Amino acid sequence: MAAFASKSHALCVLLLLSLSAAALGHSRKVLYEEEEEQEHKFDLVSRLRGQPEVSFRQYSGYVTVHESHGRALFYWFFEATQDVEKKPLLLWLNGGPGCSSIGNGAVEELGPFLMQKGVPELGLNEYSWNKGKQANLLFLESPFGVGFSYTNTSSDCDGAGDELTVTAIDAHAFLLNWFKRFPQFKSHEFYIAGESYAGHYVPRLAENIYEANKKSKEEDRINLKGFMIGNAAIDEETDSAGLVDYAWSHAVISDGLYHRISRLAT
């Protein structure tokens, strides 16, 4: 198990380095003027080491969220396997705080590629959310400091201010700038999903988008349709109740204990 964990960690690091190298190889500091709608082509990932052949396109790169602080978030995007133009766009966020949406969500859970036991190659995920009738998938390393997302301003890391507020503001700025890079997805139905501590990130980002949409120009509105959170960290009271329900439904605690706890909690 330890050997597999070590190999999996090494493969994940290699994968992240490959994506980062691809992104850095196409610096955002382009030496000549490019049409905005063509900029996403610089983020195109033609192929990763150990990756199987696929029919869909994938992109990765950095999007600046705070110019003066030199703050940028890293993403990995997979188009749907079919009918790309008709499928919704789904943003996935892992929790933690500090968990990588790429190292966890993308290559261990719902992305099209999975790490394989004892094999230094990526396998295909038959349950990927970009297959069939599902969605275009966007994975974001958030907040800065997670994965390859970074800031050039040391004071950003001092923890001053509300971390959840800053995270939501940065993620919203990321989306506005990402849609400028990928304007062909601007009109798509947009959803946000996540797990664990993203039970905080997802609703806060959704609220930011909803409120901003009410006072933004048409070109800056995001076509938000809904959000989903699973196994979510919300607050102590809600999370504790969920643990009791889970323990009872899986026969970890008796009916009697469950009912006593329920009476005390009401």
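Biologist: Is the crossing of helix 5 and helix 6 left-handed or right-handed?
Modeller: The crossing of helix 5 and helix 6 is left-handed (the near helix is turned anticlockwise from the far one by less than a right angle), helices being DSSP runs of H or I with at least four residues, numbered from the N terminus. This is a predicted model, where local features need pLDDT of at least 70 and side-chain atom pairs pLDDT 80 or more, while totals for chains, interfaces and linings use all residues. Residues are numbered from 1 along each chain, and side-chain values use heavy atoms, without hydrogens or water.

Biologist: At what angle do they pack?
Modeller: Helix 5 (residues 236–249) and helix 6 (residues 255–265) pack at about 160 degrees, with their axes (lines fitted to C-alpha atoms over the stretch in contact, angles running from 0 to 180 degrees between N-to-C directions) 10 Å apart. Helix 5 is therefore roughly antiparallel to helix 6 (over 145 degrees).

Biologist: And which residues make the contact?
Modeller: Val 244, Asp 245 and Trp 248 of helix 5 meet Asp 255, Tyr 258 and Ile 261 of helix 6 (heavy atoms within 4.5 Å).

Biologist: Switching topic, which residues touch the most other members of the largest nonpolar core?
Modeller: Tyr 75, Phe 174, Leu 175 and Trp 178 do, among 32 residues; such a core joins buried (under 20% relative accessible area, 1.4 Å probe) Ala, Val, Leu, Ile, Met, Phe, Trp, Tyr and Cys through side-chain atoms within 4.5 Å. Helix 3 gives the largest share of this core, seven residues.

Biologist: What does Trp 178 contact beyond its neighbours within four places in sequence?
Modeller: Trp 178 is in contact with Val 63, Tyr 75, Phe 77, Leu 89, Leu 138 and Phe 185. Apart from this core lies another, of 21 residues, including Trp 76 and Met 115.

How values were computed. Buried < 20%, exposed > 50% of the residue type's maximum accessible area, 1.4 Å probe, protein only. Helix = DSSP H or I, 4+ residues; strand = E, 2+ residues; numbered from the N terminus. Parallel < 35°, antiparallel > 145°, perpendicular 65-115°, else oblique.
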